[in-house]
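Me: Could you take a close look at one part of this model for me? I'd like the metal site first, and then whatever side chains and packing you can tie down elsewhere.

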Amino acid sequence: MTATINTTNPSILLGIETSCDETAAAVVAGPNKVLSSVISSQVDIHARYGGVVPEIASRAHVEMLTPVVAQAVVEAGIKESDIEAVAATAGPGLIGALLVGVSAAKSLALVWDVPFVAVNHLEAHLYSSFLEEPELELPVVILLVSGGHTLLVLMEAFGQYRLLGQTLDDAAGEAFDKVARFMGLGYPGGPVIDRLAITGNPEAVAFPRPMYDNGYNFSFSGLKTAVVNYVRKHADLDVADVAASFQQAVTDVLIHKARTAAQQYGAKGLCLSGGVAANSLLRERLLDACTADGINGFLPSRSMCTDNAAMVAAAGWHRLALEGPSPLDTGADPNLALPFLNN
Ligand code: KG4
Ligand code: ZN
């Protein structure tokens, strides 16, 4: 007897994520029940270069993807034949890295005779909160802050997003990484600055708050330059004070804009996603702001904030429900755009 495959609402999806420097696979049941989520980070491989080296990333994905997928299936306690669809990040990201995941996902979908679904990495991040808080009420404002992106999005319904603002230059995580690199603190910079800031004085240096009261777009390049100039001029500086003052400036802007957007659009909740969502001060201040404003604040766990494949499977489930499978000639696109209602 052959199993019936429900192509629009499959109950078990395999997700694959290889857009940057994490090789990840996950098995998710329905839109949000995570059965397994395996992440093999390349961060140690790239650390000696001070950033992600695209060619090295692609090669590491080729090496790690098969064992990572196998581990995700085993940890989920399922058989390969239980998988009803395969979702993979098709962009945006590093082209060589994306191609590894997309090619593997299409091959697996062909071999298993199940649908393939191409997922936008940014859309995947928008679903990370729902994996742990499926009952989140819409509309929600989502602040997506990573090494490559800084976006403020209003999710009105599944598949319906309004872009409220984005960075005009550096992403928030990029600013953390560049400031840390300049100060010789290593890579990635976010976690180091977060740790150092605990003992620093956030009021020690009055760094600028770029575009604070100027709409929902962001700009972090000038703030980064202000820190670099300060460090150049002050040989006797206290590193912890600089880290704390920089982090305070970034979070002031992020929280102010996210909070104002949630109020303006009558959002029921405010969520974080992306690697910078792991920042302790940002997490604490977001919850405080939500409590003060009487809305739901939701912070995905750190493993769901950073790149993972469970969010890819979740976005894949919704894409399949809304549009059905992607053709097998769908390619990887390093600049893949997310269609916003207002664009
Ligand atoms: O989402 P992610 O893992 O990868 C992409 O960029 O897609 O985000 C990585 C970024 C890096 O810039 C890193 O410095 C930043 O997230 N990050 C943090 C923290 N942990 C990671 N930034 C601030 N505070 C942290 N605790
Ligand atoms: Zn990401």
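Reply: Here is a walk through the metal site, followed by one arginine, one helix and one loop residue.

Keep in mind that this is a predicted model. Start with the zinc ion (ligand 2): its protein donors are His-121 through NE2, His-125 through NE2 and Asp-307 through OD, lying 2.1 Å from the metal. Along the sequence, these donor residues follow the spacing H-x3-H-x181-D. The site ties together distant parts of the chain, since His-121 belongs to helix H4 (residues 121-126) while Asp-307 sits in the loop between helix H11 (302-305) and helix H12 (310-323), 186 residues apart. As for geometry, the four donor atoms around the zinc ion (ligand 2) subtend angles of 92 to 146 degrees, so the arrangement is irregular; a tetrahedral label would need all angles between 85 and 135 degrees. His-121 counts as buried because its relative accessibility is 5%, and Asp-307 is buried too, with a relative accessible area of 13%.

Now for the arginine. Arg-283 is in helix H10 (residues 280-293). What is the nearest side chain of opposite charge to Arg-283? It's Glu-132, 7.0 Å away, so Arg-283 is buried yet has no salt bridge, given that a salt bridge has to fall within 4 Å. What Arg-283 does have is a polar side-chain atom 2.7 Å from the backbone oxygen of Ala-277. Leaving out residues up to four places away in sequence, Arg-283 touches several others, including Leu-272, Ala-277, Leu-299, Pro-300 and Cys-305.

Next, helix H6 (residues 172-182). Its buried residues include Ala-172, Phe-176, Asp-177 and Ala-180. The buried residues of H6 pack against two strands, E6 (140-145) and E7 (150-157), and against helices H7 (189-197), H8 (221-233) and H9 (239-264). Just after H6, Gly-184 takes a positive phi of about 70 degrees.

Finally, the loop between H9 and strand E9 (269-273) holds Ala-267. Ala-267 is buried, with a relative accessible area of 7%. Setting aside neighbours within four places in sequence, Ala-267 is in contact with Pro-139, Val-140, Val-141, Ala-262 and Ile-295. By contrast, the C-alpha atoms of Ala-267 and Gly-222 are separated by 30 Å, with their positions 45 residues apart along the chain.

Terms used:
Residues numbered from 1 in each chain as written. Chains lettered and ligands numbered in written order. Predicted model: local features only at pLDDT ≥ 70, side-chain atom pairs only at ≥ 80, totals over all residues. Heavy atoms only, no water. Donors = N, O, S within 2.8 Å, 3.2 Å for Na, K, Ca; no water. Tetrahedral: all angles 85-135°; square planar, octahedral: opposite > 155°, others 65-115°. Helix = DSSP H or I, 4+ residues; strand = E, 2+ residues; numbered from the N terminus. Buried < 20%, exposed > 50% of the residue type's maximum accessible area, 1.4 Å probe, protein only. Lys, Arg positive; Asp, Glu negative; His and termini not counted. Polar contact = N/O pair within 3.5 Å; in protein donor to acceptor, adjacent residues only side chain to side chain. Contact = heavy atoms within 4.5 Å.
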